[in-house]
Amino acid sequence: MTRSGERGGGADDEYTEYVRARMVQWRRTAYLMSGDWDRGDDILQRVLTDLYRTWARARRADHLDALVRTMLLRRLIDERRLRWSRVRLGTALPERPTAAADPTDRITLVGALRRVPPRQRAVLVLRYFQDLSVEETAQAMGCSAGTVKSQAAKGLATLRALLTPSLTGN
């Protein structure tokens, strides 16, 4: 039983149904407005909380979807005004620490790499150790991107064949 000002089960169900039907669209809109999925999700979560608190009044709006879009935009603008929102921690997540590699694995890899044909080895080193793109590798080697791709595939196959016996202990 509900009293004036209290939310009933029907209103909660109506809110839940409304939000579920539009969640994907709002999430995409929040992302496009903010330019970041995580930030968009945070903004949308705050908007949904505000919408829930004011649902009794909001559901009577003539254009409820327009109201929610306006709430998203205003929340984004408010977030940008906050001082902390101007702090950028970086564009990429830091690398996760990994377990220390076994020095013998490195020696085995370098030894196998030495046995890969020179052109394939050059592609593997530039692509996977220097982290160059296909195009950057092609430019550095003076060849086409297709050549880089084929040489990388052949070089990786050769490297796998050389390393597989040592990794399995055979």
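Leaving aside its neighbours within four places in sequence, which residues is Q120 in contact with? In this predicted model, Q120 is found in helix α6, and beyond those sequence neighbours it is in contact with Q151, K154, G155 and T158. The protein that holds this helix has eight helices and zero strands, and the points below move from the whole chain to helix α6, to the helices that α6 packs against, and then to a residue of helix α8.

**Whole protein**
- Read from the N terminus, the elements follow the order α-α-α-α-α-α-α-α, in keeping with a count of eight helices and zero strands.
- Of the 170 residues in the protein, 25% are buried.
- Among the contacts with a separation of 6 or more, 60% are between residues 24 or more positions apart.
- The protein has an accessible surface of about 12700 Å², and carbon and sulfur atoms account for 52% of that surface.

**Helix α6 and its buried residues**
- The buried residues of α6 include Q120, V123, L124, L126 and R127, a list in which a polar-to-charged pair, Q120 and R127, stands beside leucines and valine.
- Q120 has a relative accessible area of 10%, and because the cut-off for burial is under 20%, Q120 counts as buried.
- R127, also found in helix α6, has a relative accessibility of 19% and therefore falls under the 20% limit as well, so that R127 too counts as buried.
- When residues up to four places away in sequence are not counted, R127 touches L132, S133, V134, T137 and V148; of these, V134 and T137 also appear among the α7 residues that meet α6.
- Just after α6, D131 takes a positive phi of about 60°.

**Packing of α6 against α7**
- Helix α6 (residues 118–129) and helix α7 (residues 134–141) have axes that come within 10 Å and cross at roughly 135°, which means that α6 is oblique to α7.
- The crossing in which α6 passes α7 is right-handed.
- On the α6 side the residues involved are R119, A122, V123, L126 and R127, and on the α7 side they meet V134, T137, A140 and M141.
- Sorted by character, the residues of this contact of α6 with α7 are six nonpolar, one polar and two charged.

**Packing of α5 against α6**
- Helix α5 (residues 103–114) packs on α6 at an angle of about 140°, and the axes of the two helices are 10 Å apart, so that α5 is oblique to α6.
- From α5, the residues L109, L113 and R114 make the contact, while α6 contributes R121, L124, V125 and F129.
- The residues of the contact of α5 with α6 comprise five nonpolar, no polar and two charged.

**L163 in helix α8**
- L163 lies in helix α8 (residues 145–168), and because its relative accessibility is 15%, L163 counts as buried.
- Setting aside neighbours within four places in sequence, L163 is in contact with T108, L109 and A112, and L109 is also one of the α5 residues that make the contact with α6.
- L163 and A112 are 51 residues apart along the chain, yet their C-alpha atoms are separated by 6.7 Å.

Conventions: Residues numbered from 1 in each chain as written. Predicted model: local features only at pLDDT ≥ 70, side-chain atom pairs only at ≥ 80, totals over all residues. Heavy atoms only, no water. Helix = DSSP H or I, 4+ residues; strand = E, 2+ residues; numbered from the N terminus. Buried < 20%, exposed > 50% of the residue type's maximum accessible area, 1.4 Å probe, protein only. Contact = heavy atoms within 4.5 Å. Areas by Shrake-Rupley, 256 points an atom, 1.4 Å probe, with all protein chains shown as cover. Axes fitted to C-alpha atoms, helices over the stretch in contact; angles between N-to-C directions. Parallel < 35°, antiparallel > 145°, perpendicular 65-115°, else oblique. Left-handed = near helix turned anticlockwise from the far one by under 90°.
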